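Me: I have a structure open and would like to talk it through slowly. Could you help me find my way around?

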Amino acid sequence: MASLKDMRVRIASTKATQKITKAMQMVAASKLRRAQTAAEAARPYADKMSAVISNIASAAVGSPGAPVLLAGTGRDQVHLLLVCTGERGLSGAFNSSIVRLARERALALIAQGKEVKFFCVGRKGYEQLRRQFDKQIVEHMDLRSVRQLGFVNAEEIAKKVLARFDNGEFDVCTLFYSQFKSVIAQIPTAQQVIPLVIEEGGAANTTSYEYEPEEDEILTRLLPRNLAVQIFRALLENNASFYGAQMSAMDNATRNAGEMIRKQTLVYNRTRQAQITKELIEIISGAEAV
Amino acid sequence: MATFHFDLVSPEKLAFSGEVDQVDIPGAEGDFGVLAGHAPVVAAIRPGILTVTTGGRHEKIIVLGGLAEVSEKGLTVLADVATSLDELDRVQFAETIAEMEENLKEHEGTELDQAIERLDHFKSIQHQLNATAMH
């Protein structure tokens, strides 16, 4: 049986933990707001970009001279999985749900006899995937030192992916990230970025544009850029999702700690009362014996 | 004078949005001006200075490459980087140019041509900046 002092110490330590989780929750909440604004600010660009691309591409996709980024290499033997995760933990199932999705996809592809390569962005995903797919991880990038997520970070990743694509190291590239729906709902998502998938219905509002320079030249400029934009969007969505997940995880932790403190205090008070009663009985029976 | 809607978006933010009279764009194949009722066009942009005219007032914005789209809804410019003239850090800009010159050696072939072309655009922006600063 723990002594009263031990119990006091334990309650104090639970309270300290609760303070930490509470603070983390509030930090995550304020960072979430900033991450959400950043994600929303990036949306008009990404939307416009995909609108323009689908407009031009729907015409170019059938033609024989279509760029490889759009038409693909004609094979789908080697798949590159670009897995974007967070740099830190303590965020509930955020990192592991992205990794799980990527892992399931990888195993399914391997079962079909395809070759799988990984490009990890973010420390957490790398650490989790390394256990199982150490040899398949071709590149790993850390965004830990990055304070404010900028477009340059996405561009850097895109450049590395494109260099590998130009070297013929893979045929299909799929991007894994967590889509931010709300604070309590983040959806792990897989999105194919190379070759580009043109959404249906985009061709409905075809205005006949004039192009300057020629269509295919614009397309060859735009497609690599679009990859960077997609990655940037994924990173921003991920960032917002991360703080959302962390906020709800820390909220849970704070509540659990509160519950634990309540239970421990109850046991502590009972033990204390029992001890007082015991001491009283000892005194009374001692007095009676005299 | 008739106005039209103009959006300037960069990946990080919506840099400008509103009704304007005229926008002069540094196109990849030459500068061109857009007025209300311009024919639909999609054009690539080179790094340069974009001028927005609203009610006789000129606003200059530096764009580092991108894409312009004119449709019946108005003009949309997707800029890689968009900085208004007041916000631009001239010292940093000069440093960027110096860095680019430094990096030229690492490029080869067509990449070298592209790098030189880009450097020229940057230098011409700087030249224009210095020219306007003197007035």
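Me: Let's begin with chain B. What share of the contacts between residues at least 6 apart in sequence join residues at least 24 apart?
Reply: In chain B that share is 46%. Please keep in mind throughout that this is a predicted model.

Me: And what is the share for chain A, counting contacts with a separation of 6 or more?
Reply: In chain A, 78% of those contacts are between residues 24 or more positions apart.

Me: Back to chain B, then. How many helices and strands are there?
Reply: Chain B has two helices and 10 strands, and if you read along the sequence the pattern is β-β-β-β-β-β-β-β-β-β-α-α.

Me: Is there any record for part of chain B?
Reply: UniProt, in an unreviewed entry, lists residues 4-82 of chain B as "domain: ATP synthase F1 complex delta/epsilon subunit N-terminal".

Me: How much helix and how much strand is in residues 4-82 of chain B?
Reply: Over that stretch the chain is 0% helix and 71% strand, and the C-alpha atoms at the two ends are 20 Å apart.

Me: What about overall dimensions, say the radius of gyration of chain B?
Reply: Chain B has a radius of gyration of 16 Å, which agrees with the value near 14 Å for a compact globule of 135 residues. Along the principal axes, the C-alpha trace of chain B spans about 50 × 35 × 25 Å, and 27% of the 135 residues count as buried.

Me: What is the radius of gyration of chain A?
Reply: For chain A it is 28 Å, whereas a compact globule of 290 residues would have a value near 19 Å. The C-alpha atoms of chain A fill a box of roughly 110 × 40 × 30 Å along the principal axes, and buried residues make up 33% of the 290 residues.

Me: And which elements make up chain A?
Reply: Chain A contains six helices and six strands, which follow one another along the sequence as α-α-β-α-β-α-β-α-β-β-β-α.

Me: How do helix α5 and helix α6 of chain A pack?
Reply: Helix α5 (residues 151-166) and helix α6 (residues 215-289) of chain A pack at an angle of about 125°, with their axes 8 Å apart. That angle makes α5(A) oblique to α6(A), and the crossing of the two helices is right-handed.

Me: Which residues meet there?
Reply: On the α5(A) side they include A:Phe151, A:Ala154, A:Ile157 and A:Leu162, and on the α6(A) side they include A:Pro224, A:Leu227, A:Ala228 and A:Leu235.

Me: I also clicked on A:Glu156. Where is it?
Reply: A:Glu156 is in helix α5 of chain A, and its C-alpha atom is 8.2 Å from that of A:Ala228, although the two are 72 residues apart in sequence.

Me: Why does A:Glu156 count as partly exposed?
Reply: A:Glu156 counts as partly exposed because it has 15 C-beta neighbours inside 10 Å, and that number falls between the limits of 12 or fewer for exposed and 20 or more for buried.

Me: Where is A:Arg225 found?
Reply: A:Arg225 is found in helix α6 of chain A, and it is partly exposed, with 19 other C-beta atoms within 10 Å. The C-alpha atoms of A:Arg225 and A:Met49 are separated by 9.2 Å, while the residues are 176 apart along the chain.

Me: Switching to helix α4 of chain A, which residues are buried?
Reply: In helix α4 (residues 123-133) of chain A, the buried residues are A:Lys124, A:Gly125, A:Tyr126, A:Gln128 and A:Leu129. The buried residues of α4(A) pack against β1 (78-84), α3 (94-111), β2 (115-121) and β3 (137-141) of chain A.

Me: Anything unusual to check in the backbone?
Reply: The peptide bond from A:Ile194 to A:Pro195 is cis, with omega near -15°, and A:Pro195 lies in the loop between β5 (186-194) and β6 (210-212) of chain A. You could also look at A:Leu90, which has a positive phi near 55° although it is a residue other than glycine, and which lies in the loop between β1 and α3 of chain A.

Me: Last topic: how many residues of chain B are in contact with chain A?
Reply: There are 20 residues of chain B in contact with 21 residues of chain A. On the side of chain B that touches chain A, the elements giving two or more residues are β5 (41-45), β8 (66-71) and β9 (74-79) of chain B, and β5(B) gives the most, with four residues.

Notes
Residues numbered from 1 in each chain as written. Chains lettered and ligands numbered in written order. Predicted model: local features only at pLDDT ≥ 70, side-chain atom pairs only at ≥ 80, totals over all residues. UniProt positions renumbered as here; feature names shortened; annotations may be inferred. Rg over C-alpha atoms; globule rule 2.2 N^0.38 Å. Contact = placed C-beta atoms within 7 Å. Axes fitted to C-alpha atoms, helices over the stretch in contact; angles between N-to-C directions. Parallel < 35°, antiparallel > 145°, perpendicular 65-115°, else oblique. Left-handed = near helix turned anticlockwise from the far one by under 90°.
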